[in-house]
Amino acid sequence: MAKSIRSKWKRKMRAEKRKKNAPKELARLKSILQTNTDVLMDEVKEIATVIAAEKVTEKKDPDDDTKMDTDAKRNKKTLLDEHGQYPVWMNPRQRKKLKAKRGKGKNKPKAPKGLAW
């Protein structure tokens with residue numbers, strides 16, 4: 001639900017803050033763990049690593065792009081999945097509209113009642 005401009009801005013700023021503070025936090029963590037001799041530093045290096053933002057944002061291999069399993073099982077025209085369920089994000093009004101659109105061609109017009117000349 002958090003799609004307002006304010007919440008988007010706050011999320012963006014929190015992410016920036018995390019990027020800025022990550023090296024300081026790691027240094028602090030290492031300094032704390034150096035006082036405790038029972039924890040090995042090699043184990044900490046495996047757990048906590050600081051990765052530069054450029055490495056994270058760089059493009060990956062095009063072969064790596066795969067669709068989610070749920071997308072493959074959904075009909076693109078009706079948006080129904082294999083069990084006849086609509087997506088969670090769809091509201092009842094949209095469902096009703098799609099259902100009416102789907103059933104439009106099925107009903108044949110009946111012959112008018114009354115006398116036929």
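These exercises work through a predicted model of one protein chain.

Residues are numbered from 1 along each chain as its sequence is written. Local features need pLDDT of at least 70 and side-chain atom pairs pLDDT 80 or more, totals for chains, interfaces and linings use all residues, and side-chain values use heavy atoms, without hydrogens and water.

**Exercise 1. Outline the secondary structure and the burial of the protein chain.**

Step 1. Count the elements: the protein chain has 5 helices and 0 strands. Helices are DSSP runs of H or I with at least four residues, strands are runs of E with at least two, and numbering starts at the N terminus.

Step 2. Read along the sequence: the pattern is α-α-α-α-α.

Step 3. Take the burial: 9% of the 117 residues are buried. Buried means under 20% relative accessible area, exposed over 50%, and partly exposed in between (1.4 Å probe, protein chains only).

Step 4. Take the surface: about 12100 Å² is exposed, and carbon and sulfur atoms supply 55% of it. Areas come from the Shrake-Rupley method with a 1.4 Å probe; for residues, only the protein chains shown count as cover.

Step 5. Take the contacts (heavy atoms within 4.5 Å). Of those with a separation of 6 or more, 11% link residues 24 or more positions apart.

**Exercise 2. Find the salt bridge and place its partners.**

Step 1. Apply the cut-off: a side-chain nitrogen of Lys or Arg within 4 Å of a carboxyl oxygen of Asp or Glu. The structure holds 1 such pair.

Step 2. Name the partners: Glu16 and Lys19, with the closest N and O atoms 3.6 Å apart.

Step 3. Place them: both lie in helix α1, 3 residues apart, so about one helical turn separates them.

Step 4. Check exposure: Glu16 is partly exposed at 39%, and Lys19 is partly exposed at 48%.

**Exercise 3. Describe the surface patch of positive charge that includes Arg6.**

Step 1. List the members: Lys3, Arg6, Lys8, Lys10, Arg11, Arg14 and Arg18. Patch residues have over 30% relative accessible area and no salt bridge, and like charges are joined within 9 Å.

Step 2. Place one member: Arg6 sits in helix α1, residues 5-35. Arg6 is exposed, at 63% relative accessible area.

**Exercise 4. Characterise Leu79 and Lys99.**

Step 1. Locate Leu79: the loop between α4 (69-72) and α5 (92-103).

Step 2. Read its backbone: phi of Leu79 is near 65°, a positive value in a residue other than glycine. Leu79 is partly exposed, at 23%.

Step 3. Turn to Lys99, in helix α5. Lys99 is exposed, at 56% relative accessibility.

Step 4. Relate Lys99 to Thr78: they are 21 residues apart along the chain, with C-alpha atoms separated by 8.3 Å.

Methods
Patch = residues over 30% accessible without salt bridge, like charges linked within 9 Å, V, L, I, M, F, W, Y side chains within 5 Å. Lys, Arg positive; Asp, Glu negative; His and termini not counted. Charge placed at Lys NZ, Arg CZ, Asp CG, Glu CD.
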